[in-house]
Amino acid sequence: MRKFLQSLEFFEENERQKLAIFTALAFSQKLSGLPPETVFQPLLKDNLVAKGIVLSFITEFFKEYLKENSLDDLIALLKKGKMEDNLLEFFPSGKRTSEALSEHFTKEGLTSLVEYNSKKMFEVKLKEIKSTLTTMINEEAEISEVTEVVKQQVKDAKFPDIEVVRMLWDVLMEAVQWSGKNQQQNSNSALRQVNAWAGLMNAFCTSGKLELELIYKVQTQCYEDAKLMKLFPEIIRSLYDQDVLAEDTILLWFRKGSNQKGRQSFVKALEPFVKWLEEAEEEE
């Protein structure tokens, strides 16, 4: 099988197509004696990839395999062949972009594979940005420097603004030095982190929609993390004091917020602060 695949250029196009279909059927019928790496690794021969032969072969393979199997089955197969994160390696070097992959497989009717790859690329880029941000936070870098670096990475990765806000909050909370069961110390640590990095969040919460998303993110974490359950109103107050959250956004969440995780108890806990905001607004 390895010799066949490494000699694809000597086959006619229709013969390569038949071989791709046969290979897909062999896996689909779970015929023994054909490890996935025996198929995928020989295909990465430079001259075959450069001529586009490999891309044509693997496309036919995918199309045939998915006729009788699910995308999860295909991903499991690719994983065994150590290729689930490397689909671009099947493309000629000049076409190894997410855009080229999306265009090609969409044209071939393999939209589920495009969606999978997009999600995978998103996760990889998210991990890279989180790693960079975590390192800079731990090293106590200047907020302006961190903001510039994150903005550049976000731009390069074409990251949605909402995902950036969610990611920022996750990383900031993960970097807190939690103190076991000492509730007061945990509260103090979380609030110190919020106050210390408010400028960073402010740089990315640039609209009411994004501010609301931040409240939802805080709400969800406070609901799911017992040590933060009672800290919700203090965090919101701190974010307001640091100009990360606007009064209108807080009032909108209080009156119409759609995230239901612990909403009733959080609304009640925030009542005194909201009452203070409304009274201050009336006085103005």
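Helices here are DSSP runs of type H or I with at least four residues, numbered from the N terminus. In this predicted model, one such run is helix α11, which spans residues 183–196 and includes Asn186. Asn186 is buried, its relative accessible area being 1%. Leaving aside residues up to four places away in sequence, the contacts of Asn186 are Trp178, Ser179, Gly180 and Lys227.

Helix α7, covering residues 98–107, offers a clear view of how buried and exposed positions are arranged. Its buried residues are Ala100, Leu101, His104 and Phe105. Looking down the axis of α7, these residues fall within an arc of 110 degrees, and they therefore line one face of the helix. That buried set packs against two helices, α5 (53–68) and α8 (111–138). On the face turned away from the buried side sit the exposed residues Glu103 and Lys107. Just after α7 comes Gly109, with a positive phi of about 80 degrees.

Attention then turned to the cysteines. A disulfide is a covalent bond that joins the sulfur atoms of two cysteines. Searching the whole structure gave 0 disulfides. Cys205 is in no disulfide, and the nearest cysteine sulfur, belonging to Cys222, is 15 Å away. Seen from the other side, the closest cysteine sulfur to that of Cys222 is in Cys205, and because the separation is 15 Å, the two are too far apart for a bond; the cut-off for a disulfide is 2.5 Å between the sulfur atoms. As for their surroundings, Cys205 counts as buried at 6% relative accessibility, and Cys222 is buried with a relative accessible area of 1%.

Conventions. Residues numbered from 1 in each chain as written. Predicted model: local features only at pLDDT ≥ 70, side-chain atom pairs only at ≥ 80, totals over all residues. Heavy atoms only, no water. Buried < 20%, exposed > 50% of the residue type's maximum accessible area, 1.4 Å probe, protein only. Contact = heavy atoms within 4.5 Å. Arc of directions from axis to C-beta.
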